[in-house]
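Let's take a walk through a protein together. Have a look at the picture below, and then we'll go through it piece by piece.

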Amino acid sequence: MQLKTIRQSLFVGVSILSVAAIGCTQQRNFETVAPTPAAASPTNSVSDVAQATPSPTTEAPTRQPDVVYVPTPVPVVNEMLRLANVQANDVVYDLGSGDGRIVIAAAQKVGARGIGIDISPERIREANENAKKAGVTDRVQFRQEDLFQTDFSEATVVTLYLLPELNVKLRPKLLSLKPGTRIVSHEFDMGDWKPEQVVKVDGRTVYYWVVPETPPANLKK
C-alpha cells in the first residue's frame, strides 16, 4: 500500500515538473522569436525625421570652401570700412563672410545694410549668432551660398578676404557692378586691375578699387 502511494506521488510530481518546464520553454521562445518592435521603431522614426527636415537657416554645403577660414583682425576691418568710406546708405556685401564681423561692424558703426555670403553652414550659424548679440539683425543677413553663383549686383561696397586666384576669378563679375562701387580686399590684389590705394595695417595689406565707368576689355576676361 505504501509502495503504491509512493509511485503515485512520484508520477504526479514528474507530471507537474514537465508541465512547468514546457511553460517556461514556451515563454522564453516567445520572448526570443517575437520581440516587441516598439523598441526599434521610435529610433528609426526620429532618425528619418532628422534626415528629412533640413535646418531652417542652413544646409549642407554644395562643395568644399575655397579657402580655410581665417578671421580678419578688427583693426583691418575698421580700415577696410574707412577706406571704402562706408555710409548709412551703403549696401555692403562680404564675399566669404566667415563670422560676419565686417558687415556687422558696418551696421554698428554707420548703420549700413550688410549681406554676408559664405558656403559654410557653421560660419553662417556663427554669423547669425554674432548679429543677434550685436543687435543688428534688422540691418544684416547671412546667406549660405556659393559666392561665384551669388547675385551681388545691388552692392555699393564689396569686401573680400580670399586668395589672389579667386579675386581674379571674381574680377569680371566685380567689374560689371555699377560704376562707383567700391571694392576692398584684405591681403590680396586683383592681378592686372591695379588698386587705387594700398594701405598697411598692423603688418596686413588692404587694397582698394572703384569700379570704373568703362572697364578695360582685358580686365573683364
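Start at the spot just after helix 3: there you'll find Asn85, and its phi is positive, near 50°. Keep in mind as you look around that this is a predicted model.

Now step back into helix 3 itself, which covers residues 74–83. Which of its residues are buried? They are Val76, Val77, Glu79, Met80, Leu81 and Leu83. The cover over these buried residues includes helix 4 (101–110), along with strand 4 (157–160), strand 5 (182–186), strand 6 (197–201) and strand 7 (204–210).

Let's zoom out for a moment. The protein has six helices and seven strands, and if you read from the N terminus, the order is α-α-α-β-α-β-α-β-β-α-β-β-β. Of its 221 residues, 37% count as buried. Take the contacts with a separation of 6 or more: 64% of them come from residues 24 or more positions apart. The accessible surface adds up to about 13,100 Å², with 57% of that belonging to carbon and sulfur atoms.

Next stop: two neighbours. Gln144 sits in strand 3 (residues 140–144). Is Gln144 buried or exposed? Its relative accessibility is 17%, and the cut-off for buried is under 20%, so Gln144 counts as buried. Its side chain reaches the backbone oxygen of Ile119 at 3.4 Å. Glu145, on the other hand, lies in the loop between strand 3 and strand 4, and with a relative accessible area of 30% it is partly exposed. Leaving aside residues up to four places away in sequence, Glu145 touches Ile117, Asp118, Ile119 and Thr150. The C-alpha atoms of Glu145 and Gly116 are separated by 9.5 Å, although these residues are 29 apart along the chain.

Finally, hunt for the rings. The structure holds four aromatic pairs. One of them is Tyr161 with Phe188: the ring centres are 6.4 Å apart and the planes meet at 25°, so this pair counts as stacked. It links distant parts of the chain, with Tyr161 in the loop between strand 4 and helix 6 (164–175) and Phe188 in the loop between strand 5 and strand 6, 27 residues apart. Trp193 and Trp209 make a tilted pair, 5.7 Å centre to centre with 40° between the planes. Here Trp193 comes from the loop between strand 5 and strand 6, while Trp209 is in strand 7, 16 residues apart. Both of these Trp residues, Trp193 and Trp209, are buried, and together with Tyr207 they form one aromatic cluster. For a last ring, find Phe148: the charged end of Lys169 sits over it, 4.3 Å from its centre.

Note on methods
Residues numbered from 1 in each chain as written. Predicted model: local features only at pLDDT ≥ 70, side-chain atom pairs only at ≥ 80, totals over all residues. Heavy atoms only, no water. Buried < 20%, exposed > 50% of the residue type's maximum accessible area, 1.4 Å probe, protein only. Helix = DSSP H or I, 4+ residues; strand = E, 2+ residues; numbered from the N terminus. Contact = heavy atoms within 4.5 Å. Areas by Shrake-Rupley, 256 points an atom, 1.4 Å probe, with all protein chains shown as cover. Polar contact = N/O pair within 3.5 Å; in protein donor to acceptor, adjacent residues only side chain to side chain. Phe/Tyr/Trp six-rings, centres within 6.5 Å; stacked < 30°, edge-to-face > 60°. Lys NZ or Arg CZ within 6 Å of the ring centre and 35° of its normal.
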